[in-house]
Amino acid sequence: MRISSAILPESGAQRTLALVTLASSTGKGIFLTSGVLYFIRVVELPALDIGIIFSIAGFVSLALGVPFGHVADRRGPRAVFVASLLVSAVATAAFLLAHVYWSVLLVVVLATTAQATLLVARGPIINDIADGRPQELRAYIRSVTNVGIAVGAMTAGWAAQADTVQSYHRLVLLNCGCFLVAMLLAFRVPRTKPVVAPERGGRWIALRDRPYLAVSLIDGVLSIQYRVLTVALPLWVVGATTAPRWVISAAVVLNTAMIIVLQVTFSRRVDTPRRAALALRRSGWAFCAACAAIAWAAGSPPWAAVALLGAAVVIHGLGELWQAAGGFEVSNVLAPQHAIGQYLGVFGIGMGLAESFGPALLTWLCVGWGKPGWHVMGVLFLAAGLTAPAVVRWAESTRTRYAPEAGPPAPNPALRTEAV
């Protein structure tokens with residue numbers, strides 16, 4: 001029991017959410033790793049068309065994040081959470097029926113939107129079942145997410161290696177099964193009654209909350225870092241350094257291991273907006289230093305390039321841990337409890353835009369321009385981090401105007417009903 005308690009949360013509801021996350025993130029890992037390959041190798045669509053489809057799906061999911069967050073606020077997050085998992089399963093299974101451009105576009109939009117909605121609905125659930133320590137549970141769930149994505153990616157690697165229609169079809173069915181298992185487990189998550197909204201404030205208050213939008217923008221700029229190791233670094237290693245190519249996969253493995261092992265520890269003390277702002281500032285410094293180290297790997301001997309890139313990955317990982325901890329805290333604590341789903345939908349726009357435009361920006365600056373581009377990117381990260389404390393203070397000072405009920409979520413057992 002002691003070993004189990006050290007690894008898993010003590011609360012049954014928290015353990016259930018962790019299992020739901022593990023199953024759904026395994027499905028997500030399969031989708032992220034093999035989705036493009038499936039439509040190229042099986043459906044035989046051109047790579048350019050696939051890129052356009054995934055871009056459209058990303059923008060649609062961004063646009064619908066706030067409305068679906070509002071539905072979660074008014075109808076309860078668990079219903080939206082379960083529905084998003086069901087839609088994920090159905091959309092994944094529909095891959096087998098998608099044979100032309102428009103049908104592929106439809107199923108990818110459905111799958112991507114369902115995944116975005118799942119994250120919006122999960123936030124209020126975490127706040128409700130966290131027993132007064134939401135920052136710790138969010139960090140734990142993020143660690144579990146990384147485990148699931150890694151498992152999904154390794155599973156998808158089998159299909160990519162076999163590279164047959166049958167192997168890809170089996171992978172689609174396995175992906176669908178992951179989401180169905182997650183959906184069935186989600187029914188065991190406690191149901192939370194919606195918080196009654198005050199009469200004043202209007203319906204779409206999050207979209208008018210300028211300080212919160214500014215915080216979301218800062219986090220969005222910092223979130224470009226998620227594409228540094230998966231887009232810019234591989235291109236840089238291959239095209240500008242003498243480092244062996246195994247460094248590319250080693251960087252991803254090391255980064256994933258750091259998140260899995262250290263995220264809870266880094267997030268445990270980030271429990272106020274002020275500490276969150278300082279964590280975001282530290283992340284800016286870390287990303288800046290990592291960019292400089294990656295830049296100077298070019299032109300170095302192989303051993304020095306490996307050393308510089310290894311140091312950059314570790315420093316970058318520390319920045320990611322700080323950014324995630326800070327982003328978790330400010331996105332939740334600055335939102336009023338009656339509209340937290342809507343606010344999390346707004347906060348997700350920043351990261352979504354970073355994921356949409358980040359690869360193009362990194363390729364243009366860091367790969368196209370070379371060393372100066374890496375330094376410019378580093379300065380951009382640093383500027384966002386240094387701006388964070390002032391913007392978070394502004395947001396805190398305006399909560400009585402924009403979000404009068406904002407504050408740390410207090411656990412309230414009276415708001416829960418038994419899981420069905």
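What follows walks through the overall build of the protein chain and then a handful of its residues.

The model is a predicted one, so local features are reported only at pLDDT of at least 70 and side-chain atom pairs only at pLDDT 80 or more, while totals for chains, interfaces and linings take in all residues. Residue numbers start from 1 along each chain as its sequence is written, and side-chain values rest on heavy atoms, with hydrogens and water left out.

First, the overall picture. The protein chain holds 15 helices and two strands, both being DSSP runs numbered from the N terminus (H or I and at least four residues for a helix, E and at least two for a strand). Its radius of gyration comes out at 21 Å, close to the 22 Å that the globule rule gives for 420 residues, so the chain is as compact as a globular protein of that length. For the record, that radius is taken over C-alpha atoms, and the globule rule is 2.2 Å times the number of residues to the power 0.38. Along the principal axes, the C-alpha atoms fill a box of roughly 60 × 50 × 45 Å.

Of the 420 residues in the protein chain, 52% are buried. Here buried means under 20% relative accessible area, exposed means over 50%, and partly exposed covers what is in between (1.4 Å probe, protein chains only). About 18,400 Å² of the protein chain is exposed, and carbon and sulfur atoms supply 68% of that area; the areas come from the Shrake-Rupley method with a 1.4 Å probe, and for residues only the protein chains shown count as cover. As for contacts (heavy atoms within 4.5 Å), those with a separation of 6 or more are made up to 85% by residues 24 or more positions apart. On the charge side, there are 32 positive and 18 negative side chains, and the centres of the two sets lie 3 Å apart. That tally takes Lys and Arg as positive and Asp and Glu as negative, without His or the chain ends, and places each charge at NZ of Lys, CZ of Arg, CG of Asp or CD of Glu.

Next up is helix α12, which spans residues 302–333 and includes glutamine 323. That glutamine is buried, at a relative accessible area of just 1%. Its side chain makes a polar contact of 2.8 Å with the side chain of glutamine 225. A polar contact is a pair of N or O atoms within 3.5 Å; within protein, one must be able to donate a hydrogen and the other to accept it, and residues adjacent in sequence count only if both atoms are side-chain atoms. Setting aside neighbours within four places in sequence, glutamine 323 is also in contact with a set of residues including Asp219, Leu222, Tyr226 and Phe287. Valine 330 sits in helix α12 too and is buried, with 1% relative accessibility. Beyond four places in sequence, valine 330 touches Tyr212, Val215, Pro273, Ala276, Phe347 and Val392. Between valine 330 and glutamine 225, 105 residues apart along the chain, the C-alpha separation is 19 Å.

Over in helix α10 (residues 246–267) there is valine 264, buried at a relative accessible area of 17%. Valine 264 and tyrosine 140 are 124 residues apart in sequence, yet their C-alpha atoms are 5.5 Å apart in space. Tyr140 is one of the residues that valine 264 touches, along with Glu136, Ala139 and Ser143, when residues up to four places away are not counted.

Helix α7 contributes cysteine 178, which counts as buried at 14% relative accessibility. Leaving out residues up to four places away in sequence, cysteine 178 touches Ala23, Thr26 and Gly27. Threonine 112, in helix α5 (residues 101–129), points its side chain at the backbone oxygen of valine 108, reaching it at 2.8 Å. With residues up to four places away not counted, threonine 112 touches Phe31, Ala57, Gly58 and Ser61.

Finally, two loop residues have backbone angles worth a look. Glutamate 44 sits in the loop between α2 (12–41) and α3 (47–75), and its phi is near 65°, a positive value in a residue other than glycine. This glutamate is exposed, with a relative accessible area of 63%. Aspartate 163, in the loop between α6 (134–162) and α7 (165–186), likewise has a positive phi, about 55°, without being a glycine. At 31% relative accessibility, aspartate 163 is partly exposed.
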